[in-house]
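Here is a quick tour for anyone meeting this protein for the first time. Have a look at the model, and then we'll walk through it from the whole chain down to single residues.

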Amino acid sequence: MEFKEEEISFRKFINDFPSTTYATFALYGYPAKFIPQVIAFILKNYGKPGMSIFDPFAGYGTAGVVARIYGFNYELWDLNPLLELFHEVATSKPVELDIKNVIQRMRMSREEFVPKWNRQEYWFHKDFLPLLYKVWGFWHSLDDNYTKLLTVIPLLKVTRYFSYDDLQRQKLSKSPKSMNRIRKLLEEDWENIFFSMLEDETRNIYNRLLQYQSLNPKPVKHVVKGGVDSLKEELSEERDILITSPPYLQSHEYIRHFKLELFWLGYSDEDLKRLLDLEIPYRDVNRISVYSETYHRCRNMIHEPHLLKMFDNYLWAILGCLSRLQEKITSYIFVFVGRPSMRGRQIPVDRMIAEHLALFGWKHERTLVDAIVARRMFSYAVNPATKIRDQRTKTENLVILKRI
Ligand SMILES: C[S@@+](CC[C@H](N)C(=O)[O-])C[C@H]1O[C@@H](n2cnc3c(N)ncnc32)[C@H](O)[C@@H]1O
């Protein structure tokens with residue numbers, strides 16, 4: 001199969017936004033998030049008025065945030081329940097709010113919320129817990145949805161700052177540096193620091209909501225489902241364009257990464273366990289027939305049983321999911337993937353997708369290769385599964401397939 005590749009820099013090609021993190025494109029850190037320019041590129045070059053888009057691995061929900069600006073209806077899914085919350089905040093209309101007053105009420109609140117999990121003191125110093133119970137108690141007791149939306153991301157951010165997590169890492173983890181941060185905080189007037197950070201963050205969110213409105217989002221129809229398994233979920237209706245960036249082969253463990261957030265928002269240990277068991281690529285999936293020569297060639301080169309299992313589970317999940325979902329896609333499929341390596345061998349997932357979907361009536365138009373510049377990728381320095389050093393993913397490829 002001829003495989004047309006072209007180099008591109010989406011950041012340089014699309015000038016509609018001043019930066020990748022402008023407005024509400026990145027209100028909260030989300031590993032391997034789309035940069036808005038990728039979605040804008042697709043919609044401007046391939047979208048036609050009235051078309052709708054669908055992202056089954058929507059993460060933070062960037063595809064939807066950008067789709068509104070260009071007036072496209074959309075449907076988003078993700079296993080991570082935070083998708084719904086992040087997306088609602090990112091697209092909500094700002095309303096004047098007396099932020100000082102909200103913070104004051106929070107300070108005085110007598111409400112209490114204790115998360116349903118027993119490892120609280122592993123992640124938070126015990127002196128901080130009463131304050132956290134109070135502020136989250138206040139948040140959970142709020143009737144006004146807008147105040148809840150405006151304050152939730154600031155609360156999540158400051159709560160994480162007050163945890164033992166090393167904020168520089170892409171993985172929830174303690175480190176000497178983060179322990180030191182907490183030690184220092186404890187010596188300071190930490191309660192005032194907490195509320196003043198919260199106030200600044202809330203203003204920041206408000207300003208970003210204003211910036212988003214300045215991009216003139218349209219009142220489009222949308223469906224957003226968090227906490228769903230894309231290997232099983234059914235599309236509510238046909239969609240014209242599928243745009244997605246599925247989990248990576250040596251992917252981030254998203255649910256584990258967001259567990260502090262999920263607990264404070266009210267999810268229990270059991271909820272988390274259910275989600276963890278469904279996460280790609282850390283779950284076993286049923287074998288499927290793979291119609292990709294590249295897949296079989298790569299597979300024949302893997303001899304270690306545990307690597308073979310990881311390879312198969314990953315590709316059966318991604319290819320199985322795409323071949324099922326494509327049935328309801330009418331025009332284009334865009335998949336944004338890296339080329340990971342396994343024991344030094346490159347795994348061209350983009351080619352495998354193009355070859356496999358060819359059998360379902362999809363023609364490979366071209367693959368656009370974007371060199372990753374500023375984005376922090378999260379292939380670990382040492383792969384936890386193989387215990388050997390990973391080569392970092394250096395490029396990301398946008399596979400473009402057209403329905404024939
Ligand atoms: C590369 S990220 C997508 C990031 C997204 N493009 C954005 O802009 O934020 C891959 C996503 O796949 C999700 N995921 C993993 N297993 C899943 C499953 N079984 N069903 C649905 N989503 C899943 C993860 O939660 C993660 O958000």
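Of the 404 residues in the protein chain, 42% are buried. Keep in mind as you read that this is a predicted model.

**The whole chain**

How many helices and strands are there in the protein chain? There are 16 helices and 10 strands. Measured out along its principal axes, the C-alpha trace spans about 65 × 50 × 35 Å. A compact globule of 404 residues would have a radius of gyration near 22 Å, and the chain has 22 Å, so the two agree. If you take the contacts with a separation of 6 or more, 79% of them are between residues 24 or more positions apart.

**Two domains**

The domain assignment splits the chain into domain 1 (5–91 + 217–256 + 321–403) and domain 2 (99–214). Taken over C-alpha atoms, their centres are separated by 30 Å. Where they touch, domain 1 gives 14 residues to the contact and domain 2 gives 11 residues. On the domain 1 side, the largest share comes from helix α4 (residues 82–90), with 3 residues.

**The sheet**

Now look for the open sheet of 8 strands, which has mixed pairing and the order β1-β9-β10-β6-β5-β2-β3-β4. Its edge strands, β1 (5–7) and β4 (222–226), each pair on one side only. From one strand to the next, the twist averages 15°. As a rule, the strands of a sheet pair through backbone hydrogen bonds, either parallel or antiparallel.

Two of the pairings are worth a stop. Strand β5 (residues 239–244) runs parallel to strand β6 (residues 329–338), with 5 bridges between them, and R239 stands opposite I329 in β6. Strands β2 and β3 are parallel too, joined by 4 bridges; here I53 faces Y74 in β3.

Helix α16 (residues 349–358) lies across β6, β9 (362–371) and β10 (395–403), and runs at about 10° to β10.

Is strand β3 (residues 73–78) mostly covered or mostly open? Mostly covered: 6 of its 6 residues are buried. N73, E75 and W77 point one way, Y74, L76 and D78 point the other way, and all are buried. That fits a general pattern, in which the side chains of a regular strand alternate between the two faces of the sheet.

**The core**

In soluble globular proteins, nonpolar side chains tend to be buried together. The largest nonpolar core in this model has 109 residues, and I39, A63 and F334 have the most contacts inside it. Helix α15 (residues 305–325) supplies the largest share of this core, 11 residues. Domain 1 (5–91 + 217–256 + 321–403) and domain 2 (99–214) both give residues to this core, so it lies between them.

Which residues does A63 touch, leaving aside its neighbours within four places in sequence? They are F34, I39, I53, D55, A58, Y74, L76 and I243.

One of those partners, D55, is found in strand β2 (residues 52–55). Not counting residues up to four places away in sequence, D55 touches A63, L76, I243 and T244. Although D55 and L242 are 187 residues apart in sequence, their C-alpha atoms are 5.9 Å apart in space.

**How covered are three of the residues?**

Let's put D55 beside two loop residues. A residue counts as buried with 20 or more other C-beta atoms within 10 Å, and as exposed with 12 or fewer.

| Residue | Other C-beta atoms within 10 Å | State |
|---|---|---|
| D55 | 29 | buried |
| N216 | 10 | exposed |
| R343 | 14 | partly exposed |

**A few backbone oddities**

The two loop residues in the table also have a backbone feature to point out. N216 sits in the loop between α10 (190–214) and β4, and its phi is near 60°, a positive value in a residue other than glycine. R343 is in the loop between β7 (341–342) and β8 (345–346), and its phi, near 50°, is positive in a non-glycine residue as well.

Finally, the peptide bond from I280 to P281 is cis, with omega near 5°. You'll find P281 in the loop between α13 (269–276) and α14 (293–300).

Definitions and conventions: Residues numbered from 1 in each chain as written. Predicted model: local features only at pLDDT ≥ 70, side-chain atom pairs only at ≥ 80, totals over all residues. Contact = placed C-beta atoms within 7 Å. Pairing = 2+ DSSP bridges. Axes fitted to C-alpha atoms, helices over the stretch in contact; angles between N-to-C directions. Rg over C-alpha atoms; globule rule 2.2 N^0.38 Å. Core = buried A, V, L, I, M, F, W, Y, C linked by C-beta atoms within 7 Å. Domains from an automatic or database assignment.
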